Amino acid sequence: LGGYKMTNSIKDAIFYHIYPLGFCGVINNKEKSTKNLGLNKIDKNWINHFNDLGINSIYFGPLFQSTYHGYDTIDYLKIDNRLGTNDDFKKLVFKLHENNISVILDGVFNHVGRDFWAFKDVRNKKSNSIYSSWFNINFNGNSHYNDGFYYEGWEGHYDLVKLNLYNPEVKNYLFTVVKTWIDEFDIDGIRLDVAYLLEKNFIRELRKKTDSFKKNFWLMGEMIHGDYNTIVSPEMLHSATNYELYKGLYSGHNDKNYFEIAYSLNREFGDYGIYKNINLYNFVDNHDVNRIATMVANKKYLNNIYTILFTIPGVPSIYYGSEWGIEGDRKITDLNLRPEIFLEKYENNEFAKKIEKEISQLISIRKSNIELTHGNYKEILVKNKQFIFGRCYNDKWILVVLNLDDKDEILEFNVPFSNKSLINLKNTNEHFTTFNNKLQLNIPAFSNKILKVE
């Protein structure tokens, strides 16, 4: 497959998250049709879009054969009929690798669908099935589907059958699945679905296995709540989804309360931050939560929100379509968060192109400045409507200055260096000078500056 390897540090990754069944418009189809291209939809135009944005990693949601939404797996070794074939995906990974884009897959290992082959065997043979110990089953009870036995479902969802990850046979089967994905498709990592529920020894064993399967293979876990250190460590996962920060990114702006965001950032990444040494996966929306453009009270907040996303420690991610400010509300159905999408629809949309251009510039700034990818985080100033933080690497500084107010704000504040010139990376015609460890500047309404010490 060309021998592509994830050679860059994960600190340098810029993710694009795709929910394939929605993105390709096939979630309600039984199989790929001539009208719907499936994974072949990701052609050179889409790859050019990724390159133009500055994307170097793609996280694909569920790809393998399932009953409906992808998280109800039927066959871990077969690309979903609605998306195409194993060969289609193999070719896509090769094309992405040719463009220096790494590929991360959803690993849905906590549960399977009711049509998963081993569970179907249990439904047919009951206690005589050799796979009955693969699940948490009570043959003295009954299920919501009148199977003649009770089984554990994921958080009360009985279309999602809980796997018994204490069973060595189940673990070895899943390790073989991962090895096959690496050998057949040359993937570069896995995002573990509902990692907060996964058996800890399974995670440790998976890390050992994947370290031996492929160098620099990356493991990230879904953590909706709880301490990320419980699943992220040198022996377990490399990263976790940063839901703690996600909520503050929209509510802190809607409430005009930068203290909320500053508190989370300091708690996570400050001098005594509990996740200071973890590269958390940062996002503003995804396939499970409302689009950021739906959540903000004012679309003018989006630039400040994305500026924070691309200048803080961790690994930033864009959910497909949100680079154009599309909306999506899950109140009626999750499908509102997972639409089919077409590049050409946004080519002449002024609002969409403005957001795309802003995000592309932020990504370029991040990738060009090691302070933003590797630097330490330092809180400088916090007010309700203004927020300043710094990133420092080897005594080189970048300051991020944000104004959430609907009017210009003149700020004077202390900085950790003296008599230095700074350039605004977002507008290189702007220069500023510090005197006696102080800097004064004017920040227009709903805007920000990224200031680099020259």
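Colleague: Which residues is Gly107 in contact with, once its neighbours within four places in sequence are left aside?

Modeller: In this predicted model, Gly107 is in contact with Trp181, Ile190, Arg191, Leu192 and Asp193, leaving aside the neighbours within four places in sequence. Gly107 itself lies in strand 5, which covers residues 102–107, and its C-alpha is 8.6 Å from that of Gly61, although the two are 46 residues apart in sequence.

Colleague: Why is Gly107 called buried?

Modeller: The relative accessible area of Gly107 is 0%, and buried means under 20%, so Gly107 is placed in the buried class.

Colleague: What makes Gly54 buried or exposed, and where does Gly54 lie?

Modeller: Gly54 lies in the loop between helix 2 (44–53) and strand 2 (57–60). Its relative accessible area is 9%, and because the cut-off for buried is under 20%, Gly54 counts as buried. Not counting residues up to four places away in sequence, Gly54 touches Ile14, Ile363 and Lys367, while Tyr151, 97 residues apart from Gly54 in sequence, is 46 Å apart from it in space, C-alpha to C-alpha.

Colleague: Why is Arg204 called partly exposed?

Modeller: Arg204 has 36% relative accessibility, and since buried requires under 20% and exposed requires over 50%, with partly exposed in between, the value for Arg204 leads to the partly exposed class. The residue is in helix 6, and, not counting residues up to four places away in sequence, Arg204 touches Glu235 and Met236. Ser233 is 29 residues apart from Arg204 in sequence, and the C-alpha atoms of the two are 9.5 Å apart in space.

Colleague: What makes the phi of Asn146 and of Val194 worth a remark?

Modeller: Asn146 has a positive phi of about 60° although it is not a glycine, and Val194, also a residue other than glycine, has a positive phi near 35°. Asn146 lies in the loop between strand 7 (137–138) and strand 8 (150–151), whereas Val194 is found in the loop between strand 11 (189–192) and helix 6 (200–213).

Colleague: How do you know whether Asn146 and Val194 are buried or exposed?

Modeller: Asn146 has a relative accessible area of 60%, and exposed means over 50%, so Asn146 is exposed. Val194 has a relative accessibility of 2%, and because buried means under 20%, Val194 counts as buried.

Colleague: Why is Thr373 called buried, and how do you know that its side chain makes a polar contact?

Modeller: Thr373 has a relative accessible area of 7%, and buried means under 20%, so Thr373 is counted as buried. The side chain of Thr373 pairs with the side chain of His374 at 2.9 Å, and because a polar contact needs N or O atoms within 3.5 Å, and residues adjacent in sequence count only if both atoms are side-chain atoms, this pair qualifies as a polar contact. Thr373 has its place in helix 12, residues 370–374, and, leaving aside its neighbours within four places in sequence, is in contact with Lys11, Asp12, Arg366 and Arg391.

Colleague: What makes helix 10 a mostly covered helix?

Modeller: In helix 10, which covers residues 302–309, 8 of the 8 residues are buried; among them are Leu302, Asn303, Tyr306 and Leu309.

Colleague: How much space lies in the largest pocket, and what lines that pocket?

Modeller: About 490 Å³ of space lies in the largest pocket. Its lining has 25 residues, of which Trp154, Asp288, Arg330, Asp334 and Arg338 are the closest to its centre, and strand 10 (residues 157–162) gives the most to the lining, with 3 residues. The lining divides into 11 nonpolar, 5 polar and 9 charged residues.

Colleague: Which residues lie nearest the centre of the second largest pocket?

Modeller: Leu37, Lys41, Trp46, Phe342 and Glu344 lie nearest the centre of the second largest pocket, which is lined by 17 residues and holds about 260 Å³ of space. This lining divides into 6 nonpolar, 5 polar and 6 charged residues.

Colleague: What is the mean pLDDT of the protein, and where does pLDDT stay under 50?

Modeller: The mean pLDDT is 95, and 98% of the residues reach 70 or more. Over residues 1–7, however, pLDDT stays under 50, and for these residues the model has 18 contacts beyond four places in sequence.

Note on methods: Residues are numbered from 1 along each chain as its sequence is written. This is a predicted model: local features need pLDDT of at least 70, side-chain atom pairs count only at pLDDT 80 or more; totals for chains, interfaces and linings use all residues. Side-chain values use heavy atoms; hydrogens and water are left out. Helices (H or I, at least four residues) and strands (E, at least two) are DSSP runs, numbered from the N terminus. Buried means under 20% relative accessible area, exposed over 50%, partly exposed in between (1.4 Å probe, protein chains only). A polar contact is a pair of N or O atoms within 3.5 Å; within protein, one must be able to donate a hydrogen and the other to accept it, and residues adjacent in sequence count only if both atoms are side-chain atoms. Contact means heavy atoms within 4.5 Å. On a 1 Å grid over the protein atoms alone, a cavity is a set of points where a 1.4 Å probe fits but cannot get out, and a pocket is an open set with protein on both sides within 12 Å along at least five of seven lines; lining residues have an atom within 4 Å of a point. Grid points are joined across faces, edges and corners, and a volume is the space filled by probe spheres set on the points. Ala, Val, Leu, Ile, Met, Phe, Trp, Tyr, Cys and Pro count as nonpolar, Asp, Glu, Lys and Arg as charged, and the others, Gly among them, as polar. pLDDT is the predictor's confidence in each residue, from 0 to 100.
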